[in-house]
Structure formats: C-alpha cells, structure tokens
Amino acid sequence: LIAWDNSQVSFSGGVIENSLGAKDNSQVFFSGEATANVLFARNNSQVAVSGGLIVYNLIAINDSRVTISGGSISGTNEALWVQGDSQTIVSGGTIAGNIILQNRSSIEFIGTDFAIDGVPFGYGEINANSIPGNYGTLTGTLANGDTLNNQVTFFDTSSIVLSPIPEAGTLLLLGLGSLALLRK
C-alpha cells in the first residue's frame with residue numbers, strides 16, 4: 001500500500017504483509033494495532049508512527065521526515081534506516097535492531113540518560129567523528145519511558161542529536177506543530 005503524489009493514508013488496524021509507504025510528498029499515519037512488514041517514507045514524504053508493529057524495518061529516504069512516538073520495530077539488521085537528507089525524531093517506541101544513518105541524514109532522540117558504549121553522553125550531536133569506527137551502542141530512556149539499546153552506524157556526514165525532554169507545555173506545542181506540518 002503506497003500513498004503517492006500528495007496523498008494521505010491513516011492505518012490504525014489490520015495487517016499489511018508487505019510494505020506501507022509514503023512517496024512523492026505524501027503522508028502516512030501509522031497507529032493502534034496496525035502491522036506492516038516494512039514502513040517507508042520516500043521523496044519528501046512524511047510518516048508519523050504512534051503505535052502498531054513494524055515487523056522488519058522503517059526506512060526514510062530522499063529528504064523525508066519521520067516522527068516516532070510509540071509502537072514497535074521488531075528489527076532486522078537495519079531496523080531504522082535513515083538516508084539521503086532525511087530526518088527522524090524519536091520520542092518513544094521500541095526499536096529491536098540496528099540503526100543506520102547515511103548521506104547527510106539525522107535522527108533526534110528525545111529522552112534522558114543517554115550513553116554511547118556505556119559512557120554517559122548527555123545532550124548534543126553525535127556523528128562519525130564522535131565514535132571510533134563509525135559505530136557504537138546507544139542506550140537511554142525515551143520521553144515516553146521506552147528504552148534504547150541499539151547499535152548505531154554512521155556513514156558520510158550523518159548525525160544523531162540527543163535532546164532533553166521538553167517541558168509539558170513545549171511538548172504539547174511540539175506535538176501540535178508536528179500535526180500541522182504533517183497535515184500541510
């Protein structure tokens with residue numbers, strides 16, 4: 001199931017045994033008891049995940065935007081793969097596999113107690129120059145209480161931004177702003 005050419009799909013229940021995707025300026029909202037093997041955003045599209053199960057991986061390609069506030073990615077070697085100037089914001093949800101970043105992409109994790117390979121990191125930007133060998137294990141607690149314990153691999157000039165949990169009022173405004181952006 002693919003949302004093409006400025007279209008919108010909301011999927012909150014049932015099973016897609018293959019891919020659910022947003023392509024060419026489209027939007028997908030994934031929530032509830034929905035299940036899909038692969039979820040992707042491609043070519044300036046947007047995906048919002050607030051629940052459900054992604055069996056294999058979530059992929060953001062070619063200047064796309066993904067927001068994850070809940071749900072679960074069961075995982076493969078590339079459970080969350082962000083590339084090609086795409087951006088992802090993660091404030092909740094569980095990711096059971098590796099996180100891959102490449103081609104000027106970024107992921108912002110909102111939470112607390114972040115560490116890289118067991119060394120507390122605090123807040124700020126991490127890139128390939130921050131970690132020997134361009135990979136490491138990222139741990140922490142996301143804004144909704146879910147935990148991170150994932151290998152992260154960087155290619156090119158990609159980065160991760162570790163951010164604190166905003167105050168309740170700021171979080172509400174951020175959520176409303178994200179909805180407005182997705183609807184736009």
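Two strands count as paired if DSSP finds at least two bridges between them, and the strands themselves are DSSP runs of E covering at least two residues, numbered from the N terminus. The model on screen is predicted, so that local features need pLDDT of at least 70 and side-chain atom pairs count only at pLDDT 80 or more, while totals for chains, interfaces and linings use all residues. Residues are numbered from 1 along each chain as its sequence is written, and side-chain values use heavy atoms, with hydrogens and water left out.

**First stop: strands 1 to 3**

Select residues 2-3, which form strand 1, together with residues 8-23, which form strand 2; these two pair in the parallel sense over two bridges, and Ile2 has Gly21 of strand 2 as its bridge partner. Then add residues 27-42, which are strand 3, and follow its parallel pairing with strand 2 over 13 bridges, where Lys23 has Arg42 of strand 3 as its bridge partner.

**Second stop: Leu20**

Stay in strand 2 and pick Leu20. Leu20 has 0% relative accessibility and therefore counts as buried, a word that stands for under 20% relative accessible area, with exposed meaning over 50% and partly exposed the range in between, for a 1.4 Å probe and protein chains only. Setting aside residues up to four places away in sequence, Leu20 touches Leu1, Val9, Phe11, Val28, Phe30, Ala36, Val38, Leu39 and Phe40, where contact means heavy atoms within 4.5 Å. From Leu20, a C-alpha to C-alpha distance of 12 Å leads to Leu53, which is 33 residues away in sequence.

**Third stop: the largest cavity**

Leu53 is also one of the residues lining the largest cavity, and the others to select are Phe30, Val49, Gly51, Gly52, Ile54, Ile68, Gly70, Gly71, Ser72, Ile73 and Thr94. Strand 4 (46-61) and strand 5 (65-73) are the elements that give two or more residues to this lining. A cavity here is a set of points, on a 1 Å grid over the protein atoms alone, where a 1.4 Å probe fits but cannot get out, and its lining residues have an atom within 4 Å of a point. The space in this cavity is about 40 Å³, and the whole structure holds two cavities of 30 Å³ or more.

**Fourth stop: the second largest cavity**

Now select Ile116, Ile131, Gly136, Thr137, Leu138, Val152, Phe154 and Ile160, which line the second largest cavity, a space of about 30 Å³. Strand 12 (135-142) and strand 13 (147-154) each give two or more residues to this lining, and strand 12 gives the most, with three.

**Fifth stop: Ile160 and the core**

Keep Ile160 selected, and show its contacts beyond four places in sequence, which are Leu101, Ile107, Phe109, Gly124, Glu125, Ile126, Leu138, Val152 and Phe154. Phe109 and Ile160 touch the most other members of the largest nonpolar core, which has 41 residues; such a core is a set of buried Ala, Val, Leu, Ile, Met, Phe, Trp, Tyr and Cys residues joined through side-chain atoms within 4.5 Å.

**Last stop: two asparagines**

Finish with Asn44, in the loop between strand 3 and strand 4, where phi is near 65°, a positive value in a residue other than glycine. Asn134, in the loop between strand 11 (124-127) and strand 12, has a positive phi of about 65° although it is not a glycine. Asn44 is partly exposed, with a relative accessible area of 39%, and Asn134 counts as partly exposed at 34% relative accessibility.

Definitions and conventions
On a 1 Å grid over the protein atoms alone, a cavity is a set of points where a 1.4 Å probe fits but cannot get out, and a pocket is an open set with protein on both sides within 12 Å along at least five of seven lines; lining residues have an atom within 4 Å of a point. Grid points are joined across faces, edges and corners, and a volume is the space filled by probe spheres set on the points. Helices (H or I, at least four residues) and strands (E, at least two) are DSSP runs, numbered from the N terminus.
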